[in-house]
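Student: Could you take me slowly through one part of this protein, namely the empty space enclosed inside it? I would like to see what surrounds that space and which parts of the chain contribute.

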Amino acid sequence: MELRYNPLLDDWTMVASNRKDRPTLPRTDCPFCPGSGKVPDSYEVLKYDNDFPALMPDPPAPDPVGSAFYRTEKAHGKCEVILYSPEHQVTLPELPVPHIEKLVDLWTDRFAELEKDPRHQYVLIFENRGEEVGVTMPHPHGQIYAYSRMPLKIQRELSSCKAHHERTGRCLICEMNREEVKFQGRVIAENDHFLAYLPFFTDYPYGLFIVSKQHLTALTDFSRSQKRSLAGILKEMTGAMDSLFNRPFPYMMVLHQRPVNGEDVEKYYHFHIEFYTPLRERDKIKYYASSEMGAWAACNPSSVEETAAELREAHRRFLEQEGGGLR
C-alpha cells in the first residue's frame, strides 16, 4: 500500500494490493446486513470503515522499489463505506425522502470530521452503482475517500473556476446554471434549492449534474431546507434514471465540494454532483475507450438536447409512479 508519483501527469497513483481480496457480489453472508456481526443489529444509515482500504490513517512504509526519480509516499488518508439502509435489496430512489435526508446528514458529518485531519487535502463522497461500473457488493452503499494529495481532475476543475472568476468576477458554475435555465432544453427538474440538468458539454448521453442554486461550496454550508431539497432531488433523479429503460440504471455519482486544509475557494467554487452514466441505450454501453482514456478527448455519441427530453419524460413517469408526490 503506497502512493507512486507519475512524472508525466504530475500526479500520484494509489497502489493497494489488498483490494484484490474483496468479496465479489456475495448473495449470502453480506457483511453490511444486520446479523452479520460486522454492523449493528439495528441502524438506518451507517459509516463503516472500509475493510479493503486504498488509504489509511497509519499506512505501512512503501515498498523499497522507488528512487529519487520514481518517488513513493505513504498512502495516508481514509476510506469509508456509507451504508444507505439495512435492507439488502433497496435502492436509493426506493428510499423515502426523510431517510435520504439522514444519509445527507451522515455525509455532512463525515465531511466535517475528515477535514479535521491536516493531512487530508480532499474528501470525495461517491457511489458506484451496478456491475457495469465494477460494483462488487450489491448492498446499497456509497464510499468516502479522504486523500492526502489533491486529485488531478479536481485540481483542473478548481483551476478553471479560479481563472474564470479572475477574468470575469463571476462564479463559473453560477454561470452554467444561468445558461441552462435560459436555454431550458437540457434542464430535467428543479426544486427550491437545486437544478438538475444535462450540461451542454457532458461526455455521457445521460451525464446528469445536480447543482445548488445558491453559491455554496460544501455540504457543511447547507441549511436544513437545503439538505431536504437535496434528498428530494436525489430520489427524483435516480428514480428517473431507473425509469428511463425500466431497469436499474448503473452510474457513478460524485459529490464535488471545496478542498479541505488548503486555499480558500469560497469566491469561485460551487457545490455540485456529477453522474457518469455508462448506458447509451438499454443494453448498450458508452465505453470510455482509447480517445477518452488516452487523450482525455471525450466524445458523446448522443445530442444531450435529445437525451434530456428522454430523461425528462422518465422523470415524469417516476413522479406518476410515486403518486404525484415524494414520500
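Tutor: What follows looks at the enclosed space and its lining, and then turns to a sheet. Please keep in mind that this is a predicted model, and that the values below are computed from it. As a general idea, rolling a probe the size of a water molecule over the atoms shows where empty space is left. Here the count comes to one cavity of 30 Å³ or more, and the largest cavity holds about 30 Å³ of space.

The lining of the largest cavity is made by Ile 82, Tyr 84, Trp 107, Ile 125, Phe 126, Glu 127, Gly 142, Gln 143, Met 253 and Leu 255. Sorted by class, seven of these lining residues are nonpolar, two are polar and one is charged. At least two lining residues come from each of strand 6 (122-129), strand 7 (141-147) and strand 11 (251-256), and strand 6 gives the most, with three residues.

The sheet can be described in a similar way. Three strands in the order 2-1-4 form an open sheet with antiparallel pairing. Strand 2 (11-15) and strand 4 (72-73) stand at its edges with a single partner strand each, so one side of each is left without a neighbour in the sheet. Strand 1 (residues 2-6) runs antiparallel to strand 4 and is joined to strand 4 by two bridges; within this pairing, Leu 3 has Glu 73 of strand 4 as its bridge partner.

How values were computed:
Residues numbered from 1 in each chain as written. Predicted model: local features only at pLDDT ≥ 70, side-chain atom pairs only at ≥ 80, totals over all residues. Heavy atoms only, no water. 1 Å grid on protein atoms, 1.4 Å probe; cavity = no way out; pocket = protein on both sides within 12 Å on 5 of 7 lines; lining within 4 Å. Points joined across faces, edges and corners; volume = space filled by probe spheres on them. Helix = DSSP H or I, 4+ residues; strand = E, 2+ residues; numbered from the N terminus. Nonpolar A, V, L, I, M, F, W, Y, C, P; charged D, E, K, R; others polar. Pairing = 2+ DSSP bridges.
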